[in-house]
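Work through the following exercises with the sequence and the model at hand. Each task is followed by a solution in steps.

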Amino acid sequence: MPGLSTSPPLPAPRACAAPLRSWVQSANRDDADFPLAHLPLCVFRPAGTDAIARIGVGIGQEVFDLRRAWRLGLLDTLAPELRRACAAPSLNALFAAGRAASRALRAALTTLLQEGTPDQERSASCLLPQSQAAFDLPAQVGDYTDFLASYNHAHNVGSLYRPDNPVLPNFSSLPVAYHGRASSLVVTDEPVCRPQGQFRAAPQDTATVFGPSRKLDFEMELGVFVGPGNARGHAIAVDEADAHIAGFCVLNDWSARDLQEWESQPLGPFLGKNFATTLSPWVVSPEALEPYRVEIARPASPLLKDYLRHAPSSRRASFEIVTEVRLCTQRMRAQGQAAQLIATALFSRDIVWSFAQMIAHHTVNGCTLRPGDLLGSGTVSGPTPGSEGCLLELTRGGRAPLTLANGETRTYLQDGDEIVLTAFCARPGLPRIGFGECRGRIVPALARD
Ligand code: CA
């Protein structure tokens, strides 16, 4: 698939009216990740309490408590069913209600949080600093599917194992995926225990060993939560799939490469993947991303099957999202050093299948997607050094260790290492849209009974 490694030209910035200001002053700063134009959703409770989980909305450095707002009558302009969904302890009912309901909630929240609202005093009583919030997973995820949609990732990894044939022919025909395990999903800051399993200590070995993984890796991905979904046997058309995208998050598909290499023949990922997958707590709405919507990077191909082909009017199915990976080792923390940026990529350049195409493909056989299901984009990897979204690529399979600023080196992750993934949209004249952090620290493997 030549030509995909080059960056498509970005459209000129659009003229933009002056942004709405919020009475929450931290939302008005130029570098605020959560301005009034954003309003990402989460599920949280006050840290250190066993209070019931409730839905929150990010605004500046605060989280706005929707359950409290509902109890105070601040959401009375919304339909009763939508109000009940706002008072739930997860986002599933809101996702099920669809995009029109989400837009109605977004409009009501914008009114409550903008400067000059008559309800400022009661609304202010719904705020909690984000630093005092403990987050849950945003939704109860019934099923989790992880795709492989970056040509560069497929090429870089394939080159390590099949130098003569790095990208398998099905990559250009369909968005490849495997079924993940929903029980492995954890929210940011949850420690990640080094998995144990069987693997070959060296590629030429005929015998395997058992023990803690020696090739523990991260994968920088974006995730999508499914909205209403489909009935069994009814496919979702590619140009109708946007209605089933409830929102986006950052996702770390932790991967034990040694376990994965041995077990994946011939059926694909299993224990090398399903010990933990970390999500950022915030769900970024398609409405917030709308100013950053761009065409998908994949050239329109006449060879593409009709069910995967966007109509010309819906080819703007990707988003100009910058992804970033940071690593902080135990020694860096002890020396008071900040996490070091080790990779950055551009989603719209580096992911060549749209989420709409993933949804169309997922359901074309009649498979059911349900509200709160999660789809991962696959590792977001760019074409140049430093844009690779995992250590397997960054270190060329461990042959070219990373040297960090403090002199430490890494091939794969060591106990105590912390990976911080984030993503954002930013352009002059447009509101900055931050995705929040997806953070996880490796802790030693559990002792076996
Ligand atoms: Ca993955």
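**Exercise 1. Burial of a residue**

Decide whether D253 counts as buried or exposed.

Solution. Step 1: take the cut-offs, which are under 20% relative accessible area for buried, over 50% for exposed, and partly exposed in between, with a 1.4 Å probe and protein chains only. Step 2: the relative accessibility of D253 is 0%, so D253 counts as buried.

Some conventions apply to all exercises. The model is predicted, so local features need pLDDT of at least 70 and side-chain atom pairs count only at pLDDT 80 or more, while totals for chains, interfaces and linings use all residues. Residues are numbered from 1 along each chain as its sequence is written, and side-chain values use heavy atoms, with hydrogens and water left out.

**Exercise 2. The calcium site**

Find the protein donors of the calcium ion and state how they are spaced in sequence.

Solution. Step 1: a donor is an N, O or S atom within 2.8 Å of the metal, or 3.2 Å for Na, K and Ca; water is not among the atoms, so sites may look incomplete. Step 2: the protein donors are D146 (OD), E219 (OE), E221 (OE) and D253 (OD), at 2.2 to 2.3 Å from the ion. Step 3: their spacing in sequence is D-x72-E-x1-E-x31-D. Step 4: E219 sits in the loop between β12 (216-217) and β13 (220-226), and D253 in the loop between β14 (245-252) and β15 (255-256), so this pair ties together parts that are 34 residues apart in sequence. Here helices (H or I, at least four residues) and strands (E, at least two) are DSSP runs, numbered from the N terminus. Step 5: E219 has a relative accessible area of 4% and is buried.

**Exercise 3. Salt bridges**

State how many salt bridges the whole structure holds, then describe those of R99, R331 and R396.

Solution. Step 1: side chains of opposite charge can pair when their charged atoms come close. The criterion is a side-chain nitrogen of Lys or Arg within 4 Å of a carboxyl oxygen of Asp or Glu. Step 2: a search of the whole structure gives 31 salt bridges. Step 3: R99 pairs with E287 at 3.0 Å, N to O. R99 belongs to helix α4 (residues 99-113) and E287 to helix α8 (residues 286-289), so the pair ties together parts that are 188 residues apart in sequence. Both R99 and E287 are buried. Step 4: R331 pairs with E408 at 4.0 Å, N to O. R331 is in helix α9 (residues 330-334) and E408 in the loop between β22 (402-403) and β23 (409-410), 77 residues apart. R331 is partly exposed at 43% relative accessible area, whereas E408 is buried at 10%. Step 5: E388 and R396 pair at 3.1 Å, N to O. E388 is buried at 4%, and R396 is partly exposed at 37%. Step 6: D189, E418, E437, R439 and R441 form one network through salt bridges that share partners.

**Exercise 4. A sheet**

Give the strand order of the five-stranded open sheet and name its edge strands.

Solution. Step 1: two strands pair if DSSP finds at least two bridges between them. Step 2: the order is β9-β25-β24-β19-β20, with mixed pairing. Step 3: the edge strands β9 (192-193) and β20 (340-346) each pair on one side only. Step 4: β24 (residues 418-425) and β25 (residues 433-443) run antiparallel and are joined by seven bridges. In β25, E437 is the bridge partner of T422.

**Exercise 5. Nonpolar cores**

Name the residues that touch the most other members of the largest nonpolar core, and find the helix that gives the most to it.

Solution. Step 1: such a core is a set of buried Ala, Val, Leu, Ile, Met, Phe, Trp, Tyr and Cys residues joined through side-chain atoms within 4.5 Å. Step 2: the largest has 67 residues, of which F218, F248, L289, I321 and F435 touch the most other members. Step 3: helix α11 (residues 355-363) gives the most, with five residues. Step 4: eight of the nine residues of α11 are buried. Step 5: a separate core has 42 residues, including L74, L78, L185 and A246.

**Exercise 6. Cysteines**

State how many disulfides the structure has.

Solution. Step 1: the criterion is a pair of cysteine sulfur atoms within 2.5 Å. Step 2: the search finds zero. Step 3: for C390, the nearest cysteine sulfur belongs to C438 and is 15 Å away. C390 is buried, with a relative accessible area of 0%.
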